[in-house]
Amino acid sequence: MATVILLHSALGLTSQVRDWAESLETEGHTVHTPDLFAGRTFTDVDSAVDFADGEGGAAAFVPAALAALNQVRGPVVLAGFSLGAAVAQLVAMKEERVRALVLMHSVLAPAWLEVDSWPERLSAQAHFSEGDEWVEADEVAALVEFAGDALEVFTYPGDGHLFAFDGWHEYDEESSHRMYERVSDFLGSLD
C-alpha cells in the first residue's frame, strides 16, 4: 500500500482532511497530514486565502511539506486539496522520492513549476469541478500538454471548489464519492 502525505487546503487541517486520511488508512495506506498552518483553521475562504497569501502563497509552505516528506521513508505519494495541491505539485516536481501526485481542486500551470519537463517517475491525477472559478482552463490545458500521458484529469459537474468536504457549503456527495473512488483506485494501482 502507499505512503501518502495529504496536504490541507487554505482552510487549514480541518476535520474533512482528517476524514479523507482516515478513510484512506482503512484501505491500508499510511497517511500523514502535516499541519502547514501550525494549528490555524478558517471557516471562510476569503480569510483563509488572505492568510495564505499573506504568508507568501503556496511556495511559502513548501518547506513544511518538505519537512513532512523527510520524516517518512521510501517512495511517497503527495496529495493535496486546493492550496495543498499547489504545494504538493511544487514539491513533486523536484523530489525524487515522490512517485505519484494527486491534485484535488487545484492545478498549477507549468510556468509556476520551475522545471523544464515533467519528471518521468511521476504519475498524477487532477480532480476539479467543471465550473470551479479557482481552476483556470488555460492552466489545465498547459499542464496536460506538459505532463502528457502521466496526468489523468477528472472533472465533476457543478462549480463547487471544495466539493469533497463533507459539511462544507459546496459539498457534493456524489462527486466527492466518485473522486474518492478514483483516488483510491489510483493509489491501489501503484506498485
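His-29 is buried in this predicted model, because its relative accessibility is 4%, below the 20% limit for that class. The residue sits in the loop between helix H1 (15-26) and strand E2 (30-32). Its side chain makes a polar contact with the N-terminal segment: a polar atom lies 3.1 Å from the backbone nitrogen of Ala-2. Beyond its neighbours within four places in sequence, His-29 is in contact with Met-1, Ala-2, Leu-24, Leu-187 and Gly-188. Ala-2 is thus named both as a contact of His-29 and as the partner of its side chain through the backbone nitrogen.

The sheet comes next. Six strands form an open sheet in the order E2-E1-E3-E4-E5-E6, and the pairing is parallel. Its edges are E2 and strand E6 (151-156), each of which pairs on one side only. From one strand to the next, the twist averages 15°. Strand E1 (residues 3-7) and E2 run parallel and are joined by three bridges. Within this pair, Thr-3 stands opposite Thr-30 of E2. Helix H5 (residues 137-147) packs on the sheet. H5 touches strand E4 (98-104), strand E5 (123-129) and E6. The direction of H5 makes about 155° with that of E6.

Strand E5 also holds Gln-125. Gln-125 counts as buried because its relative accessible area is 2%, under the 20% cut-off. Its side chain reaches the backbone oxygen of Arg-182 at 3.3 Å. Residues up to four places away in sequence aside, Gln-125 touches Leu-101, Val-102 and Leu-103, among others. Its contacts also include Leu-151, Glu-152 and Phe-154. Arg-182, Val-183 and Phe-186 are likewise touched by Gln-125. Arg-182 therefore appears in the contact list of this buried glutamine and also supplies the backbone oxygen that the side chain reaches.

Helix H2 (residues 45-55) has a buried side and an exposed one. Ala-48, Phe-51 and Ala-52 are buried. These three lie on the same side of H2, because they cover an arc of only 95° around the axis. The buried residues of H2 pack against helix H4 (83-92). On the other side of H2, Asp-46, Asp-50, Asp-53 and Gly-54 are exposed. Both ends of the helix carry a local feature. At the N-terminal end, Asp-44 acts as a cap, with a side-chain oxygen 3.4 Å from the backbone nitrogen of Asp-46. Just after H2, Gly-56 takes a positive phi of about 120°.

Positive phi values also occur in two residues other than glycine. Ala-38 has a phi near 50°. Its place is in the loop between E2 and H2. Ala-38 counts as exposed, because its relative accessibility is 73% and the limit for that class is over 50%. His-105 has a positive phi of about 75°. This histidine is found in the loop between E4 and E5. His-105 is buried, because its relative accessible area is 0%. The two loop residues thus fall into opposite classes: Ala-38 is exposed, whereas His-105 is buried.

Methods
Residues numbered from 1 in each chain as written. Predicted model: local features only at pLDDT ≥ 70, side-chain atom pairs only at ≥ 80, totals over all residues. Heavy atoms only, no water. Helix = DSSP H or I, 4+ residues; strand = E, 2+ residues; numbered from the N terminus. Buried < 20%, exposed > 50% of the residue type's maximum accessible area, 1.4 Å probe, protein only. Polar contact = N/O pair within 3.5 Å; in protein donor to acceptor, adjacent residues only side chain to side chain. Contact = heavy atoms within 4.5 Å. Arc of directions from axis to C-beta. Pairing = 2+ DSSP bridges. Axes fitted to C-alpha atoms, helices over the stretch in contact; angles between N-to-C directions.
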